[in-house]
Amino acid sequence: MPAIELRNLTYIYCPGTHYEKKALDDISMEVNVGEFIGIIGSNGSGKSTLIKHLNGLLQPTSGKVVVFGKDAAGQIKDELWKYVSVLFQFPEQQLFEETVYDEIAYGLRNMDITGDAIEVRVKDALEKVGLNFDEFAQYPPLALSGGIRRRIALACAFAMEPKILALDEPTAGLDSSGAKQVLCSIKKIQKEKNTTIIMVSHSLDELLLLADKLAFIDKGKLIAFGDRRQVLKLIYENAENHIVLPDYMRLLFELKKIGNDVNIEIVKYEEAEDEIANLLGETSK
Ligand SMILES: Nc1ncnc2c1ncn2[C@@H]1O[C@H](COP(=O)(O)OP(=O)(O)OP(=O)(O)O)[C@@H](O)[C@H]1O
Ligand SMILES: [Mg+2]
């Protein structure tokens, strides 16, 4: 059984008004248990709207969101948050508790977890995002920097130990070491717990490092979904979408376009390096 099925998902904001906007247009895709899906698309393409359907925050205008075989809008709506944790865009703006400990414990208490078990989970979640429990647990979140607050928001999602983790731009605005830390912890969770992960990012470089498959959304439509090589090619061919391809991929596509015999069915930097070395007649490393 897939972890998530989107069946002809369409969402319209403010229907029947002057502000009507079709943000998702007939999107269908299946995500298998344990898969890491990277969602890429330019500003306003509908990525956040899609993420908000995964925990029932938005209900489809038409179509269905099915989580572990059950309609998210139906029987398990109230239970959905036990399966799915969502890290919204700019989550650091949503922290409200007096201490970091309470912030992370909040969701756990709602799950009827009590006493020592809470502390174990809070500690573990903080460790996963690279923060020391003794140093941070009693700190007021609002007194911390934006980057640390982002990591705390991520720790809140990790602590729930969800089967599905949906992350909307988890590294936006972080410096490169903060981003690296966050990405490593996300990948670790997928590997250790077989968590299904859906991650929105503006950075293809980032998604190519982590994701098993890519979904490319443009103006609310799913243009491509699946194998990363195929999706990259479609992104290149839809140049007007403003998505920045990694430099090495752009170079390969351009070389191919002007008639060079290079293999563009690759995704990694090292593979691109080999291709270019071959083209130049050099022996690759
Ligand atoms: N609450 C709302 N009311 C009306 N229109 C909205 C609302 N939220 C989003 N939209 C519109 O729906 C479309 C999709 O928005 P969404 O936030 O899902 O895009 P996004 O891909 O996440 O963009 P970004 O990359 O900027 O985060 C956009 O045109 C946006 O202006
Ligand atoms: Mg968004």
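**Close-up 1. The surroundings of ligand 1 in this predicted model.** Thirteen residues sit around ligand 1, and Gly44, Lys47, Ser48, Thr49 and Gln89 are the ones that come nearest. Three oxygen contacts are worth picking out. At Gly44 the backbone does the job, with an N or O atom 2.8 Å from an oxygen atom of ligand 1. Ser48 uses its side chain instead, placing an N or O atom 2.8 Å from a ligand oxygen. Thr49 also works through a side-chain N or O atom, here 2.5 Å from an oxygen atom of ligand 1. Taken on its own, ligand 1 has 630 Å² of accessible area, and the protein covers 65% of that.

**Close-up 2. Who supplies the shell around ligand 1.** Strand S2 (21-31) and helix H1 (47-54) are the elements that give two or more residues to this shell. H1 gives the most, with three residues. Sorted by class, the shell comes out as nine polar, two charged and two nonpolar residues.

**Close-up 3. The magnesium ion, ligand 2, and its two protein donors.** Ser48 offers its OG and Gln89 its OE1, and these atoms lie 2.0 to 2.3 Å from the ion. The two donors come from distant parts of the chain, 41 residues apart: Ser48 belongs to helix H1, while Gln89 is in the loop between strand S6 (84-87) and helix H3 (100-110). Their exposure is worth a look too. Ser48 has a relative accessible area of 18%, so this donor counts as buried. Gln89 is at 30% relative accessibility and therefore counts as partly exposed. Both residues also turn up among those that come nearest to ligand 1.

**Close-up 4. Helix H1 and its exit.** Seven of the eight residues in H1 are buried, so the helix is mostly covered. The buried set is Lys47, Ser48, Thr49, Leu50, Ile51, His53 and Leu54. Just past the helix comes Gly56, with a positive phi of about 80 degrees.

**Close-up 5. Arg150, a buried arginine in helix H6.** H6 covers residues 146-159. The relative accessibility of Arg150 is 3%, so this residue counts as buried. What does Arg150 touch, beyond residues up to four places away in sequence? One group of partners is Phe90, Pro91 and Glu92, and the other is Glu169, Pro170, Thr171, Ala172 and Leu174.

**Close-up 6. Ser185 inside helix H7.** This serine is part of a helix that runs over residues 176-193. With 4% relative accessibility, Ser185 counts as buried. Its side chain reaches back to the backbone oxygen of Gln181, at 2.7 Å. Setting aside neighbours within four places in sequence, Ser185 is in contact with Lys128, Val129 and Phe158.

**Close-up 7. Tyr248 and the packing of helices H10 and H11.** Tyr248 is a residue of H10 (residues 247-257). Is Tyr248 buried or exposed? At 15% relative accessibility, Tyr248 counts as buried. A polar atom of the Tyr248 side chain lies 2.7 Å from the backbone oxygen of Val267. Val267 is also one of the residues that Tyr248 touches, along with Asp205, Leu208, Lys268, Tyr269 and Ala272, leaving out anything up to four places away in sequence. Glu273 is 25 residues from Tyr248 in sequence, and their C-alpha atoms are 8.0 Å apart. Over in helix H11 (residues 269-279), the buried residues are Ala272, Glu275 and Ala277. These pack against H10. After H11 comes Gly281, with a positive phi near 75 degrees.

**Close-up 8. Positive phi away from glycine: Asn8 and Glu161.** Asn8 has a phi of about 50 degrees and lies in strand S1 (residues 4-13). With a relative accessibility of 43%, Asn8 counts as partly exposed. For Glu161, phi is near 45 degrees. Glu161 is placed in the loop between H6 and strand S7 (164-168). At 36% relative accessibility, Glu161 counts as partly exposed.

Note on methods: Residues numbered from 1 in each chain as written. Chains lettered and ligands numbered in written order. Predicted model: local features only at pLDDT ≥ 70, side-chain atom pairs only at ≥ 80, totals over all residues. Heavy atoms only, no water. Near = heavy atom within 4 Å. Polar contact = N/O pair within 3.5 Å; in protein donor to acceptor, adjacent residues only side chain to side chain. Areas by Shrake-Rupley, 256 points an atom, 1.4 Å probe, with all protein chains shown as cover. Helix = DSSP H or I, 4+ residues; strand = E, 2+ residues; numbered from the N terminus. Nonpolar A, V, L, I, M, F, W, Y, C, P; charged D, E, K, R; others polar. Donors = N, O, S within 2.8 Å, 3.2 Å for Na, K, Ca; no water. Buried < 20%, exposed > 50% of the residue type's maximum accessible area, 1.4 Å probe, protein only. Contact = heavy atoms within 4.5 Å.
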